[in-house]
Every structure is written in C-alpha cells, then in structure tokens.
Amino acid sequence: MSEPTPYDHDRAAYSREGLARLVLADHATEVADSAAGLVGTRNDVDTGLAGRVSQARQLIELAERTLNSAVVYEVERGSSWAQIAAYLGGQR
C-alpha cells in the first residue's frame with residue numbers, strides 16, 4: 001500500500017482526467033520552452049560545438065514524454081485504443 005503524501009488532499013480535488021490534463025499541459029510547456037531556446041541566435045557563440053544538436057535531441061525527448069502524457073489523457077477522457085492508434089499511425 002502506498003504511503004500518504006502532503007499532496008493527497010490537493011490531488012483529490014481533481015478527477016483523474018483533470019490531473020492527466022494538467023500533466024499534459026506541464027509537459028507541453030516544457031516542449032515550448034525548449035523549442036524557444038532554439039529560436040534565438042544571440043547566444044550561439046556561447047554554445048559549445050554540437051550544443052544545438054543536444055538541445056534538439058532534448059526537445060525530441062520532451063516531445064515523446066508529452067506524447068505519452070497525451071495518450072494517458074486521452075485514455076482518461078474515454079478515447080479507445082483504436083482511436084489513439086489511428087492518430088499514431090497504427091490503424092486507419
């Protein structure tokens with residue numbers, strides 16, 4: 001059995017769907033912030049060689065985590081696995 005946390009009361013104020021949506025929004029914010037870091041050129045001289053590749057790779061990892069969060073959210077809101085798979089290219 002899991003131990004209680006100080007956040008249990010706060011979590012209880014939201015549905016599973018609501019919590020999943022909040023996680024998705026948080027992950028999407030991280031993707032947007034990371035992508036914004038690749039837009040500006042002002043600090044390019046301060047970035048080590050291949051540094052932008054590292055940032056782009058991190059962006060992909062954040063996007064994959066966001067996709068996973070989106071799947072969880074869609075399941076919580078009632079999407080079927082077939083509907084989700086259709087958007088992932090699995091079924092048409």
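**A walk along the helices**

Confidence varies along the protein chain: helix α1 (residues 8–12) has the lowest mean, 74, while α2 has the highest, 96. The score here is pLDDT, the predictor's confidence in each residue, from 0 to 100. Over the protein chain the mean pLDDT is 88, and 96% of the residues reach 70 or more. Where pLDDT is low, predicted coordinates should not be read in detail.

Some ground rules before going on. This is a predicted model, in which local features need pLDDT of at least 70 and side-chain atom pairs count only at pLDDT 80 or more, whereas totals for chains, interfaces and linings use all residues. Residues are numbered from 1 along each chain as its sequence is written, and side-chain values use heavy atoms, with hydrogens and water left out. Helices (H or I, at least four residues) and strands (E, at least two) are DSSP runs, numbered from the N terminus.

Let's start with α1, where His 9 is found. His 9 counts as exposed because its relative accessibility is 67%; the classes are buried under 20% relative accessible area, exposed over 50%, and partly exposed in between (1.4 Å probe, protein chains only). From His 9 to Val 72, 63 residues apart along the chain, the C-alpha separation is 22 Å.

Now for α2, residues 16–36. At 1.5 Å a residue, its 21 residues should span 30 Å, and its end C-alpha atoms are indeed 30 Å apart; the expected span is 1.5 Å times one less than the number of residues. Ala 20, Leu 24, His 27, Val 31 and Ser 34 are the buried residues in α2. Seen down the axis of α2, they fall within an arc of 85 degrees, so they line one face of the helix. That arc is taken from the directions from the helix axis to the C-beta atoms. An α-helix has 3.6 residues a turn, so residues three or four places apart point the same way.

What do the buried residues of α2 pack against? Their partner is α3 (51–76), with contact meaning heavy atoms within 4.5 Å. The 26 residues of α3 should span 38 Å at 1.5 Å a residue, which agrees with the 38 Å between its end C-alpha atoms. In α3, the buried residues are Gly 51, Leu 59, Leu 62, Thr 66, Ser 69, Val 71 and Tyr 73, and they pack against both α2 and α4 (81–88).

Tyr 73 in α3 is a good place to zoom in. At 13% relative accessibility, Tyr 73 counts as buried. Leaving out residues up to four places away in sequence, Tyr 73 touches Glu 17, Ala 20, Arg 21 and Leu 24. The charged end of Arg 21 sits over the ring of Tyr 73, 5.7 Å from its centre; the criterion is NZ of Lys or CZ of Arg within 6 Å of the ring centre and within 35 degrees of the ring normal. Tyr 73 and Leu 19 are 54 residues apart along the chain, yet their C-alpha atoms are separated by 8.4 Å.

Ala 63 also belongs to α3, and with a relative accessible area of 36% it is partly exposed. Between Ala 63 and Ala 32, 31 residues apart in sequence, the C-alpha distance is 9.4 Å. Past the end of α3 comes Gly 78, whose phi is positive, near 105 degrees.
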